[in-house]
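The following report describes a single protein chain, beginning with one of its helices and then turning to the chain as a whole. The structure is shown first.

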Amino acid sequence: MSKVIFVTGAGRGLGTDIARQALDAGHQVVATARNPQKVIDALGGEQHNLLATSLDITSPDAARAAVEAATEKFDGIDVLINNAATLQAGYFEEISDAQMRAQIETNLFGPMNVTRAVLPVMRSQRAGHVVTISSIAGLVGQEFCVAYAASKFGVEGWMESLHFDLEPFGIRTTIVEPGFFRTELLVDASTSWAELSLDDYAERTAETKKVWQSMNGQQAGDPVKLADALLKVIDLDQPPLRFVAGDDAIPTAEGKGKEIADQASASRALGTGLSHDDAA
């Protein structure tokens, strides 16, 4: 069944692949980016079932305007895919306060802005599906990834809790946790490196930055296959609350679950019997 799918960050990378696959599958697509002409060029020109519109996800006003344009053309929005994101890479002490705030502003408050604009439409329909692209870095902390992981851990908590808010209205939620895919996250337009420099980190920073730069375009995951898998997820009658994607991501997520369970078990002796009633 054809759906109206609203995709952020559709000017390149995974967003373009999602939009292209959705169009090919017969869906109506609202493909957004700061520069909508980049979307049109990336998708091969104007199409009757495509609306390319401007959106800076950090602007609530821009989010509302994009949603208004979408509903004017297609009358509703069935699926929101929060895809747009950036990466602030580096060690915590070398990432400036401004960089850390920018990371949270884009990767956490950005999807919140767009979702807040879309939800009145979905509530009026009493149906919809909010999909937010997180990362395996939203489950597992990684070296050189402190700002990005902080933003994605935030996405995880927000989306997991949002499920309870929206379920009574027939609105589904899904968190997507990809591993390493060739999504262009490591290109210069998406990645910023730590602005500060401390001698204690200098050697590690230089080595790690070189490794990360060499990974661009070499990641094992195929973004076209990921886009196809996402379309299958949104077609499900009961989509999952969490979709872990990638041959690397699934065992990592399984390992994290076991690690937390083991840590909870190890905490039992000191962590139980702490309620007020027990103390009394």
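Helix α1 is mostly covered, with 10 of its 12 residues buried. The model is predicted, and the description below applies to that model. The buried residues of α1 are G13, L14, G15, T16, D17, I18, A19, Q21, A22 and L23. These buried residues pack against strands β1 (4-7), β2 (28-33), β3 (50-54) and β4, and also against helices α2 (36-42) and α7 (223-234). In general, an α-helix has 3.6 residues a turn, so residues three or four places apart point the same way.

As to its geometry, α1 covers residues 13-24 and reaches 17 Å from its first C-alpha to its last, close to the 16 Å expected at 1.5 Å a residue. Just after α1, G26 takes a positive phi of about 95°.

**Positive phi values outside glycine**

Two further residues are described by their backbone angle and by the loop in which they are found.

| Residue | Phi | Loop |
|---|---|---|
| D75 | near 75° | between α3 (60-74) and β4 (79-82) |
| R126 | near 55° | between α4 (97-125) and β6 (128-133) |

For D75, phi is positive although the residue is not glycine. Is D75 buried or exposed? At 69% relative accessibility, D75 counts as exposed, because the cut-off for that class is over 50%. R126 likewise has a positive phi and is a residue other than glycine.

**The chain as a whole**

The secondary structure of the protein chain comprises 10 helices and nine strands. Its radius of gyration is 20 Å, close to the 19 Å that the globule rule gives for 280 residues, so the chain is as compact as a globular protein of that length. Measured out along its principal axes, the C-alpha trace spans about 60 × 50 × 35 Å.

Of the 280 residues in the protein chain, 47% are buried. Among contacts with a separation of 6 or more, 72% are made by residues 24 or more positions apart.

The protein chain exposes about 13,900 Å², and carbon and sulfur atoms supply 52% of that area. The chain carries 23 positive and 38 negative charges, and the mean positions of these two sets are 3 Å apart.

Notes: Residues are numbered from 1 along each chain as its sequence is written. This is a predicted model: local features need pLDDT of at least 70, side-chain atom pairs count only at pLDDT 80 or more; totals for chains, interfaces and linings use all residues. Side-chain values use heavy atoms; hydrogens and water are left out. Helices (H or I, at least four residues) and strands (E, at least two) are DSSP runs, numbered from the N terminus. The radius of gyration is taken over C-alpha atoms; the globule rule is 2.2 Å times the number of residues to the power 0.38. Buried means under 20% relative accessible area, exposed over 50%, partly exposed in between (1.4 Å probe, protein chains only). Contact means heavy atoms within 4.5 Å. Accessible areas come from the Shrake-Rupley method with a 1.4 Å probe; for residues, only the protein chains shown count as cover. Lys and Arg count as positive and Asp and Glu as negative; His and the chain ends are not counted. The place of a charge is taken as NZ of Lys, CZ of Arg, CG of Asp or CD of Glu. The expected span of a helix is 1.5 Å times one less than its number of residues.
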